[in-house]
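Let's take a walk through this fold, starting from one residue and working outwards. Have the sequence and the model open side by side as you read.

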Amino acid sequence: MIWWSIFFFIRTFDNLERYFSAPPNLVLFYAGLTSSKGEARRLIAQGAVEINGEILNPDVVLLAINVGTTIKVGKRRFVSIGNGTSDA
């Protein structure tokens, strides 16, 4: 079951058209920003997670992710969600 959820999550990130919603700790864990879901919960509670420059409220149940969203954890870990195309 875990492998299916990881596959679905990665597929959703790759084929992101508009947006999707997921629990914030899962977004951080599956995006590779934290090593565990528990660490993600702790960082959210400490106020160390920013979404588009705004600190993530610990009371958020679902996080809406769309193209162009930037997720930052601490000072050095971040990910920017693109649409999967390269304009090189």
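**Starting inside a helix**

Find Val27 first: it sits in helix H2. Before going further, note that this is a predicted model, where local features need pLDDT of at least 70 and side-chain atom pairs count only at pLDDT 80 or more, while totals for chains, interfaces and linings use all residues. Residues are numbered from 1 along each chain as its sequence is written, and side-chain values use heavy atoms, with hydrogens and water left out.

Is Val27 buried or exposed? With a relative accessibility of 1%, Val27 counts as buried; the label means under 20% relative accessible area, with exposed being over 50% and partly exposed in between (1.4 Å probe, protein chains only). Now look across to Ile65, which is 38 residues away along the chain: its C-alpha atom and that of Val27 are 9.0 Å apart.

Helix H2 covers residues 24-30, and Asn25 belongs to it too. Asn25 is also buried, at 13% relative accessibility. Leaving aside residues up to four places away in sequence, Asn25 touches Lys37, Ala40, Arg41 and Ile44, where a contact means heavy atoms within 4.5 Å.

Those contacts lead us to helix H3, residues 37-46, whose buried residues are Gly38, Glu39, Ala40, Leu43 and Ile44. What covers them includes H2, S2, S5 and S6. After H3 comes Gly47, with a positive phi near 80°.

Stepping back, the protein chain has three helices and six strands, laid out along the sequence as α-β-α-α-β-β-β-β-β. Helices (H or I, at least four residues) and strands (E, at least two) are DSSP runs, numbered from the N terminus.

Now for the sheet. Four strands make an open sheet, in the order S3-S2-S5-S6, with antiparallel pairing. Two strands count as paired if DSSP finds at least two bridges between them. S3 (54-55) and S6 (77-80) are the edge strands, each with a single partner, so one side of each has no neighbour in the sheet. Further in, S2 (residues 49-51) and S5 (residues 70-73) run antiparallel and are joined by three bridges. One residue to pick out here is Ile51, whose bridge partner in S5 is Ile71.

Just before that strand, Thr69 lies in the loop between S4 (63-66) and S5. Thr69 is buried, at 2% relative accessible area. Its contacts, again skipping residues up to four places away in sequence, are Ile51, Asn52, Val79, Ser80 and Ile81.

So which residues of the largest nonpolar core touch the most other members? Among its 15 residues, they are Leu28, Val49 and Ile71. H2, H3, S2, S4 and S5 each supply at least two residues of this core, and H3 gives the most, with three. A nonpolar core here is a set of buried Ala, Val, Leu, Ile, Met, Phe, Trp, Tyr and Cys residues joined through side-chain atoms within 4.5 Å. Val49 is worth a click: beyond four places in sequence, its contacts include Leu28, Leu43, Ile44 and Ile71.

Finally, the whole chain. Of its 88 residues, 32% are buried. Among contacts between residues at least 6 apart in sequence, 44% join residues at least 24 apart. The chain exposes about 6,100 Å², of which carbon and sulfur atoms supply 55%; this area comes from the Shrake-Rupley method with a 1.4 Å probe, and for residues only the protein chains shown count as cover.
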